[in-house]
Amino acid sequence: MQNGISIYAGLDYDSEENLSLIEQAAEMGFKHLFTSAQIPEAQDSENFFEELTAIMATAVQRDFEIILDVNADDTTFFNLEDLILRLDDGFDTPRIAALSHERKIQLNASTVTNEFLTILLNMNANFSNISALHNYYPHVFTGLDTYFFINQNKMLHDFGINVGAFVPTCEGKKRAPLFDGLPTLEDCRNFSTDLSARFLAALGTDFIIIGDGLPTEEEVIAVASAKENEVVMDVKLLTDDLTSIELLKNTFTRRPDISKSVIRAVEGRQFLKQIGAAIEPENFSAERNFGVITIDNKNFGRYAGEIQIVEDILPADERVNTVARIVDEEVFLAGYIKPNQKFSFRFV
């Protein structure tokens with residue numbers, strides 16, 4: 001994933017800290033740098049344009065693609081070819097179609113409609129130069145609904161457009177003037193940055209940007225580690241069996257046929273054969289409930305090695321070992337594992 005950071009001029013960020021973040025993110029493989037030319041509190045600063053120009057110059061030196069949030073009246077930076085212009089207010093479809101033949105542009109993924117995109121298509125806009133980025137929402141309780149977000153992304157993907165979104169910092173410095181974080185999804189406002197990034201990745205987001213301007217090093221690492229279109233869940237092990245633990249270290253794929261009570265992995269039995277060991281019966285006497293991860297033991301015959309995530313309340317079965325449990329605050333992630341989607345576990 002070509003993820004990104006945000007750097008803001010004219011606010012209460014130290015220039016050395018800004019430059020340090022750019023260097024740190026570059027070392028970790030980040031490719032996008034988001035900034036804005038239309039933050040009222042920042043534009044009041046007498047050094048705003050000086051700071052913004054210096055930020056962009058440093059970012060270009062470190063091979064970042066710069067995403068600049070602009071409105072139709074602010075043409076100050078339009079002549080800079082290195083920028084991706086993220087088009088906010090005031091751009092009509094003829095102008096957007098024309099701009100798409102001149103440079104890379106970015107649509108507001110939170111507000112576009114199918115009708116709008118169809119008009120661009122009929123105007124022969126150059127969709128190879130068009131991506132989309134959702135808004136961030138500084139005001140609490142105004143962030144996007146998750147299902148609206150999913151539907152917007154599907155619509156944009158149907159037009160061949162990559163979509164990005166923002167995660168907030170949790171432990172770092174939140175941006176003025178509200179200091180309530182800059183998430184796209186309201187659900188992410190109080191998540192850790194790590195969980196927010198994994199959630200957006202699970203939802204099929206193409207690139208993720210840290211909205212606030214001064215995250216911690218751990219948060220930068222977490223976003224850099226997000227796995228595209230994969231649901232990664234923290235789990236607590238309930239077994240000491242080395243074969244079971246080795247099996248759970250793999251990345252799995254959900255079967256295309258959806259079961260009523262469990263999420264079934266395609267590869268569990270295959271991986272067990274590769275290990276060349278047996279799963280002995282253990283931890284099979286308790287009822288199985290939501291978020292429990294199980295492995296079928298050798299008593300299940302040809303199903304031995306099958307891995308499941310339980311999404312129901314199921315009776316104990318001497319053929320099924322309970323080997324791990326998704327941590328309580330992340331059980332919801334299992335509900336977003338789609339057919340044929342990858343998923344994996346992190347031991348905590």
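## Salt bridge within helix H7

Asp 194 and Arg 198 both sit in helix H7, 4 residues apart, which is about one turn of the helix. In this predicted model, the two residues form a salt bridge whose closest N and O atoms are 3.2 Å apart. Both Asp 194 and Arg 198 are buried.

The pair belongs to a network of salt bridges that links Asp 194, Arg 198, Asp 234, Glu 330 and Arg 346. Helix H7 also has a part in the largest nonpolar core, to be taken up below.

## Other salt bridges

The structure holds 19 salt bridges. One of them joins Arg 86 and Asp 69, with the closest N and O atoms 3.1 Å apart. This pair links distant parts of the chain: Arg 86 is in strand S4 (residues 83-87) and Asp 69 is in strand S3 (residues 65-70), with the two positions 17 residues apart in numbering. Arg 86 is buried, and Asp 69 is buried as well.

Asp 317 and Arg 319 supply another salt bridge, with an N to O distance of 2.9 Å. Asp 317 has a relative accessible area of 16% and is therefore buried, because the cut-off for that class is under 20%. Arg 319, at 32% relative accessibility, counts as partly exposed. The two side chains of this bridge thus fall into separate classes, Asp 317 being buried and Arg 319 partly exposed.

## Surroundings of Thr 253

Thr 253 is placed in strand S10 (residues 252-253). Its relative accessible area is 10%, so Thr 253 is buried. The side chain of Thr 253 makes polar contacts with two other side chains: that of Glu 267 at 2.5 Å and that of Lys 342 at 2.8 Å.

With neighbours within four places in sequence left aside, the residues in contact with Thr 253 are Arg 264, Ala 265, Val 266, Glu 267, Asn 340, Gln 341, Lys 342 and Phe 343. Both polar partners, Glu 267 and Lys 342, appear in this list. Phe 343, also in contact with Thr 253, is named again among the residues of the largest nonpolar core.

## Nonpolar cores

Nonpolar side chains tend to be buried together in soluble globular proteins. The largest nonpolar core here has 90 residues, of which Leu 107, Met 233, Ile 293, Ile 309 and Phe 343 touch the most other members. Helix H7 gives the most to this core, with 6 residues. Apart from this core lies another, of 14 residues, which includes Phe 34, Ile 67, Ile 84 and Leu 182.

Ile 309 can serve as an example from the largest core. Not counting residues up to four places away in sequence, Ile 309 touches Met 233, Ser 261, Val 262, Ile 263, Val 292, Ile 293, Ile 326, Ala 334, Ile 337, Phe 343 and Phe 345. Among these contacts are Met 233, Ile 293 and Phe 343, which are listed with Ile 309 as touching the most other core members.

## Loop between S7 and H7

The loop between strand S7 (163-167) and helix H7 (193-202) contains Pro 177. The peptide bond from Ala 176 to Pro 177 is cis, with omega near 5 degrees. Phe 179 is found in this loop too, and its phi is near 60 degrees, a positive value in a residue other than glycine. Both features depart from the common pattern, because most residues other than glycine have a negative phi and most peptide bonds are trans. Phe 179 is partly exposed, its relative accessible area being 41%.

Cys 170 is located in the loop between S7 and H7 as well. Cys 170 has a relative accessible area of 32% and is partly exposed. Beyond its neighbours within four places in sequence, Cys 170 is in contact with Phe 191, Ser 192, Thr 193 and Glu 219. The C-alpha atoms of Cys 170 and Asp 145 are separated by 20 Å, the two residues being 25 residues apart along the chain.

## Loop between H10 and S12

Asn 283 lies in the loop between helix H10 (268-275) and strand S12 (292-296). Phi of Asn 283 is near 45 degrees, again a positive value in a residue other than glycine. With a relative accessible area of 37%, Asn 283 is partly exposed.

Note on methods:
Residues numbered from 1 in each chain as written. Predicted model: local features only at pLDDT ≥ 70, side-chain atom pairs only at ≥ 80, totals over all residues. Heavy atoms only, no water. Buried < 20%, exposed > 50% of the residue type's maximum accessible area, 1.4 Å probe, protein only. Salt bridge = Lys/Arg side-chain N within 4 Å of Asp/Glu carboxyl O. Polar contact = N/O pair within 3.5 Å; in protein donor to acceptor, adjacent residues only side chain to side chain. Contact = heavy atoms within 4.5 Å. Core = buried A, V, L, I, M, F, W, Y, C linked by side-chain atoms within 4.5 Å.
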